[in-house]
Amino acid sequence: MDRLLGDFEIPAKDPSDEDLSGWRSSVGLVKNHSRRYRNVADLAVRTQSKQIIRQTQERLRVLLYVQRAALRFIDGASFEEQLSEEAQQQGFRIHPNQLASIIRNHNLKRLESHGGPNGIANKINVSLTHGVDSNDVPKRQNIYGSNTFAQKLSKSFWFFLWEALHDITLNILMVCAVISIIVGLPTEGWPTGIYDGLGILLSILLVVTVTAVSDYRQSLQFQDLDKEKKNIIVHVTRDGYRQKISIFQLVVGDIVHLSIGDQVPADGIFISGYSLLIDESSLSGESEPVDINRERPFLLAGTKVQDGSGKMLVTTVGMRTEWGKLTEALNDGGGEDETPLQVKLNGVATVIGKIGLVFSILTFTVLVTRFLINKGIQKDLTNWSLTDALQLLNYFATAVTIIVVAVPEGLPLAVTLSLAFAMKKLMNEKALVRHLAACETMGSATTICTDKTGTLTTNHMVVDKIWLSGKNFEGDRLLSSLDLSENCLIILLQAIFQNTAAEVVLGKDGNRSVLGTPTESAILEYGLLLGGDFDSQRREIGVLKVEPFNSVKKKMSVLVLLPDGRKRVFCKGASEIILGFCTNMVDINGEVVSISDDVNDVINSFASDALRTLSLAYKDIDDDDLDYENNGIIPDNGYTLIAVVGIKDPVRPGVKEAVQICLAAGITVRMVTGDNINTAKAIARECGILTEDGLAIEGSDFRSKSPEDLKSILPKIQVMARSLPLDKHRLVSSLKNTGEVVAVTGDGTNDAPALHESNIGLAMGIAGTEVAKENADVIILDDNFKTIVNVAKWGRAVYINIQKFVQFQLTVNIVALMLNFVSACVTASAPLTAVQLLWVNLIMDTLGALALATEPPNEGLMKRKPVRKETGFITKIMWRNIFGQSIYQLIVLFVLTFDGLNLLKLGDVSNGTKILNTFIFNTFVFCQVFNEINSRDMEKTNVFSGLFESWVFLTIIVSTAAFQAIIVEFLGAFASTVPLSWQLWLLSILIGAISLPVGILLKCISVNKTAPLLHQNHHDGYAPLPSGPEMA
């Protein structure tokens, strides 16, 4: 089978259009083109969308960089639109189109004519300090619009019903049914003559209704997930205090706070900030970032903050922004790429469909040939009646129905169903899957490169120790300021309050709280506990320049103007880096003295206690010290060390167990962090990541390794400390080159390359920037490592569930095809009618997918090795189960078909043949019902484990059995069945139930599979966790 599927392979991430179009040309028989290809990318539409996006970007580039002067002139001469009287009465004095025009054309002159940011704020009736009043939001949305963008129209249930009716084979059967009714009425009379045709029509209605319901529910799940993907949390000042709101709730007049990695949520005007650098490439295609300041204050929705921080006044929202217009093309972008499993199952469906088509033609040929031979024997070839025509029509309907059953149209759609179900469940478990293929690929992950802070640790940081003026302060002494001179305390508080990205904000309840990253917040809270006054410090000392922290520099600097007119720089960051800048230190009296030799020992001591260490330093400078040729860069030498701070960030509960689960599952966990190597090693040991023979390496050492040296140490690397984003990228690409399937976590803007390079990029939902999230495949909403393990578990569940469904469906296919074909050859009739085969198709296709493809994961999934990329999808174990069950069912059904009248003593009964055919149909269905239970586990004998936790599976099994009883007992006129005695019912169920012990026997047959993981060493040298008897 794997050789036949060679054309149905695509990369899991970023497949090219050639990859996507290649497998489509190999697809053969397709019953329902629109349904089969609904969940794959429309390459023609995608090409058109790309062209529209390029044209839009070119227009914007010209608008922003070339024709600005001309457009200003045109705009200046344009007629000013007037607001409605109602809007003016509510305090608004500028039309939304005028606002949009000013920002879109970057018309600084026109902005100044309105009074600049303050004048615009006045005209849209908002205070730049207080922000929008929540009560005004509805009227602002009414006048200036809401921050929502063009969406694809959601499809109704009737759309899916209509789509399901586009199945070619069902259309042919409908024609056959109508002809059957037309021919049947004059030959068999009313109402007998309509039963066969009406039965087929009712069966088709049932099939398309159940299919449409399943597809419609699936589409609703994707709509919910899509909406969640586009929901960005924005920091604003509203009602006088800082708060978080959804991007969809943003209105004109909102004051938005921007920081590194944020997406600009709407068009607006710069109010204040430091070193704000904006990447406008998503709009204009220009890669050069733009400096935003008072001379260039225009911010456009959809652009990204590359560096710095700032506040903006929202002036234009939703579809009035250029980003809003661009989203129309993005929404029609041809859909999401298909996943490798979807493509592979399209291949399986194609191969099986071709085989089914051959059997269908053979069956029809044999039936017609036998019919003609019989007519010839009776010398009746020249005498044809409507009854003969009806018989031939029934043969044709049976042949077409075999195609319906044989072409497993539901196989590729089962992947989408399973992925949709898994994504919905993962959403409840705090993981948002952005790309379908990621959920699937995560099941094959062999390595997880994880951050430390917030992922392995709680991200609830507090200052635990501080080294100051040659002394250690911890415990009760940590908050004692009595041992410090006034000068020493003043310098410490200045360093804390001036050089921080955190803020002290007023909450809704009137209480003050600290808002910022956990590290910044911990240090600022410590300063407040020391009795410092944040607001007065910020009022008295003016900030001249800020160099924000980033993961490359690993430091943050601020240049301030002291009340006495002197200029001072405060620097804060990674302890070793700041220590390298320092030549002096502050002593207990606040005097500057030569730096002590034991500072490195202090840093290592803190780090060995698993504390994150930061150093604070300052330098008094004059204008000569600033590098004005390079935009006034703050110097990085000659500093005076103030303090070394040790911040505690405890390991999350359950992380150690989650790491052990990964190791038992054949997944290597590697920690990649920017922290001190001693801190990293201490945390890694506590989490169970760093082992005796494992290697902890610093980023600088890793960077210096040649490719040959790196290859030898790569399997041993378990911790990388003081790493840069490029180190993470190199680690990921190196691991991928060795055949590993790599999942990597990231939260910063600079993590984007590594997230994109990995097989599965995992962005942090709380600490992560929008840039990181945009480049990720999965967003971990609670930043918890245990959630990453859950994603891996669900990824494995998707893969194994599809395998179970394929095993079940292929078994039904083989039995149904062989039963009808052999019976046609031997007895000149098919025991399963068109109506019965349509019911079987429903059981094995839509209902089978719902039952088996939505099974929740079990713990056993994480005790097996990951599925390698080169592993065949249909395994030897599956073939063993398929052929074993098929042989059992065929033996039973052939015996009943050819000798059932004698065995069941029905030879003397008037309608014995009808009873036998009904019994065969009933037995066949119950064989499938019990085989569906058998398929819940392809290897273990206990298939009932967790059965009552899978309510979808139980519901479908019970519903199938109940409806089968209704068909047999009450719908015989339409389904060609007769009621059965309780003895025959019991025998049908018993024969079906024997599939369970047959399954147990089959699972005892060895198929030379690889030895289980628990009896092997891990590929990176880890010893596997004991389980079961080994645990004892």
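**Figure 1. The hairpin of β12 and β13.** Five residues lie between the two strands of this hairpin, and G510 takes a positive phi near 90°. Strand β12 covers residues 503-506 and strand β13 covers residues 512-515; they run antiparallel and are joined by four bridges. Strands count as paired if DSSP finds at least two bridges between them. E503 stands opposite L515 in β13. Helices (H or I, at least four residues) and strands (E, at least two) are DSSP runs, numbered from the N terminus. The model is predicted, so local features need pLDDT of at least 70 and side-chain atom pairs count only at pLDDT 80 or more, while totals for chains, interfaces and linings use all residues. Residues are numbered from 1 along each chain as its sequence is written, and side-chain values use heavy atoms, with hydrogens and water left out.

**Figure 2. An open sheet of eight strands.** The strand order is β8-β26-β25-β24-β9-β21-β23-β22, and the pairing is mixed. β8 (431-433) and β22 (695-698) each have a single partner strand and stand at the edges, so one side of each has no neighbour in the sheet. Direction ignored, neighbouring strands are turned by 20° against each other on average. Axes are lines fitted to C-alpha atoms, for helices over the stretch in contact, and angles run from 0 to 180 degrees between N-to-C directions. At one edge, β8 runs antiparallel to β26 (residues 778-780), with three bridges joining the two. A431 stands opposite I780 in β26. Strands of a sheet pair through backbone hydrogen bonds, either parallel or antiparallel.

**Figure 3. Helix α28 lying across strands of the sheet.** The helix covers residues 725-737 and lies across β9 (447-450), β21 (668-672), β23 (717-721) and β24 (742-746). It runs at about 170° to β24; contact means heavy atoms within 4.5 Å. S733 is part of α28. Its relative accessibility is 17%, so S733 counts as buried. Buried means under 20% relative accessible area, exposed means over 50%, and partly exposed lies in between (1.4 Å probe, protein chains only). A polar atom of the S733 side chain lies 3.0 Å from the backbone oxygen of R730.

**Figure 4. A salt bridge between D727 and R703.** The closest N and O atoms of the pair are 2.5 Å apart. D727 lies in α28 and R703 in helix α26 (residues 699-703), so the pair ties together parts that are 24 residues apart in sequence. A salt bridge is a side-chain nitrogen of Lys or Arg within 4 Å of a carboxyl oxygen of Asp or Glu. By this rule the count comes to 23 salt bridges. D727 is buried, with a relative accessible area of 2%, whereas R703 is partly exposed at 40%.

**Figure 5. The loop that holds D693.** This loop connects α25 (677-687) and β22. D693 has a relative accessible area of 52% and is therefore exposed. The side chains of D693 and T691 make a polar contact at 3.0 Å. A polar contact is a pair of N or O atoms within 3.5 Å; within protein, one must be able to donate a hydrogen and the other to accept it, and residues adjacent in sequence count only if both atoms are side-chain atoms. Q718 is 25 residues from D693 along the chain, and their C-alpha atoms are separated by 9.6 Å.

**Figure 6. Salt bridges of D254 and of R566.** D254 and R238 meet through their side chains at 2.8 Å, N to O. D254 is in the loop between β2 (241-246) and β3 (255-258), R238 is in strand β1 (residues 233-238), and the two are 16 residues apart. Both D254 and R238 are buried. In the second view, the side chains of R566 and D564 meet at 2.8 Å, N to O. R566 is partly exposed, with a relative accessible area of 39%. A network of salt bridges links D564, R566, R568 and D620.

**Figure 7. Helix α15 from end to end.** This helix has 38 residues (340-377), so at 1.5 Å a residue it should span 56 Å, and its end C-alpha atoms, 55 Å apart, agree with that. The expected span is 1.5 Å times one less than the number of residues. K379 follows α15 and has a positive phi near 50°.
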